[in-house]
Amino acid sequence: MIPGAIDCDIHPALPGLKALYPYLPEIWRDLFQDQAMHELVSNSYPPAAPLAFRPGSQPGNGSQAAQLADLRSQALDTWGTGLAICNCLYGVQLVFNEDLAAAIARAINDWLARELLDHEPRLRASIVVAPQNPGLAAEEIERCAEDRRFVQVLMLVMGDMPLGRRFYWPIYAAAERHGLPIGVHAGSSYHNPTTPTGWPSYHSEEYVNQAQAFQTQLGSLVCEGVFKKFPSLRVVLIESGVTWLPATLWRLAKFWRGLRREVPWVDRTPAELVREHVRLTLQPFDAPPRPEQFERLWEHLGSDEWLLFSTDYPHRQFDGDSPLPPGLSPAAMQKILIDNARATYPRLVEAIP
Amino acid sequence: MNVSTSQPMPIAREMLAGMAIIDCDIHPAPNSIKDVYPWLEPRWRKHLDTFGPLRRHGCLTGPAYPKGTPGANRRDAWPPGHRKPGSDLGFMQAQHLDPNNVQLGILNMISPHPGGIQNPDLSAALCTAFNDWQIAEWSAKDARLKASVLVPYEQPAAAAAEIDRRAGDASFAQVLLLSRTAEPLGQRRYWPIYEAAIRAGLPVGIHAFGYGGAPLTSAGWPSFYIEEMLGHAACCQSVLTSMVIEGTFERFPALRVILIESGFAWMPSLAWRLDKNWRSIREEVPTLKRLPSEYLRQHVWLTTQPIEEPEVRAHLLDIMEWIGWDRLMFATDYPHWDYDDPARCLPVRLSADQQSRLFRDNARAVFGAN
């Protein structure tokens, strides 16, 4: 590890809907009480499932201050982390009422700023938006963007519509305007079946299927022309698994050659566009078992500029102490741990007053 | 990385040197649905004339996403008289089977596969009729061609009955399903199909495509055919994930699955991902006994088309190595537009041994052909 690493995916636990009450208008607080709505935890991460916590990464259930202390010691101090980006996964995307979803997203962002960012200078955060209504989401980006500690906009990989669709472009316009990458994190709104052939029977099956969702989302972003329309937009695929990427680009390249007149705005090879606009966080890295395969795979990826260091704290994505795959050269480590993130997130380079 | 991308390097035609090959994906098509009427009860002929087949998409005729070419066919594959590509045996022989020295061709009739038709009785009747049609019009007329048992896959009991009916008929090489079913294909409701296939000694081919009702991606419907084509690979990964985790392979040790027209370069990464999640999978589904990659390695064969095109061609060799030279089987997808030409499609040179396995011997072993 290199001191000052930038961890691009950690998950602070929101203690519950009540923690948001100070940041919610009264009308919603009343409704939650009357409707007995106390929680909005997504099915994607059952809190006791094997994936939920690494040993030694288990934030306690104490006060906000105690939780922050756990986060410091378990997520930051352990790896000598210089900066970490908080991606708050809470059920905003599950909600069908778009006004309610937007209100919860707003409250989460205020909670992040007041309860975490104000207390720990190593923390940064993604702006949580409710993509159910891109107009409201863009307004929320405008509202939060002034706070330079928000470095990214957070969306889920399985939403209501493919991410390239123009429906979502107001979000991208706002993000690009403020130099904020779009972070696409594993997870679902559960408004569509979580596999392309219907609902699976098991959580672990659904989790494996996140990688397939990332593949088709990458296709959507490329084919719909998002990178043509928003030339300085960056997209970070978070908790995607990574190793599906070469095969996906090879397949997309083949069909682009045959079908490009269907998407004439895609005037460069998909691989070029993706190399310029897309980055992926490291964990989980669905690595091959043998070191020589790993070397070949690294060649297939073709660049050490794709990857941004992440631990996915507190999720259990790796065993042992090292969140890095073996065999990285010092130069590659410097890029993956620090330089790539600084090149991807303009706001990480800024000094925060 | 700047690597120039060009057309795949042709393996010299002389390298194949006229070697007899097996093509695991040939698409015969009726020139019109009426071609199958001789094998259909009058009731269903009338039904089709009146209503047509109701499927899980909105277009009365044609596909939900317009294809890149008419009927997704090669522009040079239209037989004289403007009959449909794939509808004329003589033309197929002259354009494909003879010049490419196809020793065995597996017929996959998916124009459309009747298993996706909503009306359960019509679906079953059309599957039976098209199975008869495949024999009468194709395999009986050219001994190089073997048919696939079309089954009404959304009604597994009826599907199993159709498989039982065809068991022992050497005209059939496999059972044929599509990948996009109403629910993931590993789920128990589909297990009678696998039981029957094992009973009949047939592998189960799963061809990409179809309309099962779920959106093409787990984030909804994309806009373009190019995305549909990308999505089929992801969908087939979901199918295998389902078959592993739902315990299909654990339950049926003799089950052999052939994935058709989904490419293959994604397979190693899928296996690594499944193994990476073994701790969760095992905790949730304790009936599974072996690493997911072991189930895949034992039960799954992949046909090659559409072969992925890496910028650095040799990368494809790594993938083939990782999948295993005994698990890849060549396919052209004749007469469709993204046809892989046996003499040109491979971006890399193979050893003589690899070449004969890929182009012939693996399929020969799977289909028990001579």
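Between chain B and chain A of this predicted model, 31 residue pairs are in polar contact, counting pairs in which both residues have pLDDT 80 or more. On the chain B side, the elements that give two or more residues to the surface touching chain A are helix H7 (225-245), helix H9 (267-276), helix H10 (278-284) and helix H12 (315-323) of chain B. H7(B) gives the most to that side, with 16 residues. Sorted by class, the residues with which chain B touches chain A comprise 33 nonpolar, 22 polar and 16 charged.

The contact as a whole draws 71 residues from chain B and 74 residues from chain A. The size of an interface is often given as the accessible area lost when the parts come together. Here the two chains, B and A, bury about 6,200 Å² between them, and 57% of this lies on carbon and sulfur atoms. Within chain B, the residues that lose the most area to chain A are Ser218(B), Ile226(B) and Arg273(B), which together account for 13% of what that side buries. Charged pairs also cross the boundary, with 7 salt bridges found across the interface of chain B and chain A. One example joins the side chains of Arg279(B) and Asp319(A), with an N to O distance of 2.7 Å.

Over all chains, the search of the whole structure finds 43 salt bridges. A pair within chain A gives a good illustration: the side chains of Lys228(A) and Asp267(A) meet in a salt bridge at 2.5 Å, N to O. Lys228(A) belongs to helix H8 (residues 226-229) of chain A, whereas Asp267(A) sits in the loop between H9 and H10 of chain A, so this pair ties together parts that are 39 residues apart in sequence.

Attention now turns to open and enclosed space. The largest pocket holds about 1,200 Å³ of space. Its lining consists of 48 residues, and those nearest the centre of the pocket are Arg55(B), Gly62(B), Ile110(B), Ser111(B) and Pro112(B). Helix H4 (120-139) and H7 of chain B are the elements that give two or more residues to this lining, and H7(B) gives the most, with 3 residues. By class, the lining of the largest pocket has 28 nonpolar, 13 polar and 7 charged residues. H7(B) therefore appears in two settings, giving the most both to the side of chain B that touches chain A and to the lining of the largest pocket.

Rolling a probe the size of a water molecule over the atoms shows where empty space is left. Across the whole structure, the search finds 8 cavities of 30 Å³ or more. The largest cavity contains about 190 Å³ of space. It is lined by 21 residues, of which Leu249(A), Trp250(A), Ala271(A), Arg275(A) and Glu311(B) are the closest to the centre of the cavity. Three helices of chain A, namely helix H9 (245-259), helix H10 (270-277) and helix H11 (291-301), each supply at least two residues of this lining. H9(A) gives the most, with 6 residues. The lining of the largest cavity divides by class into 11 nonpolar, 5 polar and 5 charged residues.

The second largest cavity holds about 100 Å³ of space. Among the residues that line this cavity are Gln93(A), Pro131(A), Met155(A), Met158(A), Asp160(A), Met161(A), Tyr168(A) and Ser189(A). Its lining has 7 nonpolar, 4 polar and 1 charged residues.

Some features of the backbone also deserve a look. Most residues other than glycine have a negative phi, and most peptide bonds are trans. In chain B, the peptide bond from Ser111(B) to Pro112(B) is cis, with omega near -10°. Pro112(B) lies in the loop between strand E2 (102-107) and H4 of chain B, and both Ser111(B) and Pro112(B) are among the residues nearest the centre of the largest pocket. Another cis peptide bond joins Tyr334(B) and Pro335(B), where omega is about 5°. Pro335(B) is placed in the loop between strand E8 (328-329) and helix H13 (352-367) of chain B.

In chain A, Ala36(A) is not a glycine, yet it has a positive phi of about 55°. Ala36(A) falls in the loop between helix H1 (26-35) and helix H2 (64-77) of chain A. Glu239(A), likewise not a glycine, has a positive phi of about 65°. The loop that holds Glu239(A) runs between strand E6 (235-238) and H9 of chain A, and H9(A) is the helix that gives the most to the lining of the largest cavity.

Note on methods: Residues are numbered from 1 along each chain as its sequence is written. Chains are lettered from A and ligands numbered from 1 in the order in which they are written. This is a predicted model: local features need pLDDT of at least 70, side-chain atom pairs count only at pLDDT 80 or more; totals for chains, interfaces and linings use all residues. Side-chain values use heavy atoms; hydrogens and water are left out. On a 1 Å grid over the protein atoms alone, a cavity is a set of points where a 1.4 Å probe fits but cannot get out, and a pocket is an open set with protein on both sides within 12 Å along at least five of seven lines; lining residues have an atom within 4 Å of a point. Grid points are joined across faces, edges and corners, and a volume is the space filled by probe spheres set on the points. Helices (H or I, at least four residues) and strands (E, at least two) are DSSP runs, numbered from the N terminus. Ala, Val, Leu, Ile, Met, Phe, Trp, Tyr, Cys and Pro count as nonpolar, Asp, Glu, Lys and Arg as charged, and the others, Gly among them, as polar. Contact means heavy atoms within 4.5 Å. Buried area is the accessible area (1.4 Å probe) that two parts lose on being put together, summed over both. A salt bridge is a side-chain nitrogen of Lys or Arg within 4 Å of a carboxyl oxygen of Asp or Glu. A polar contact is a pair of N or O atoms within 3.5 Å; within protein, one must be able to donate a hydrogen and the other to accept it, and residues adjacent in sequence count only if both atoms are side-chain atoms.
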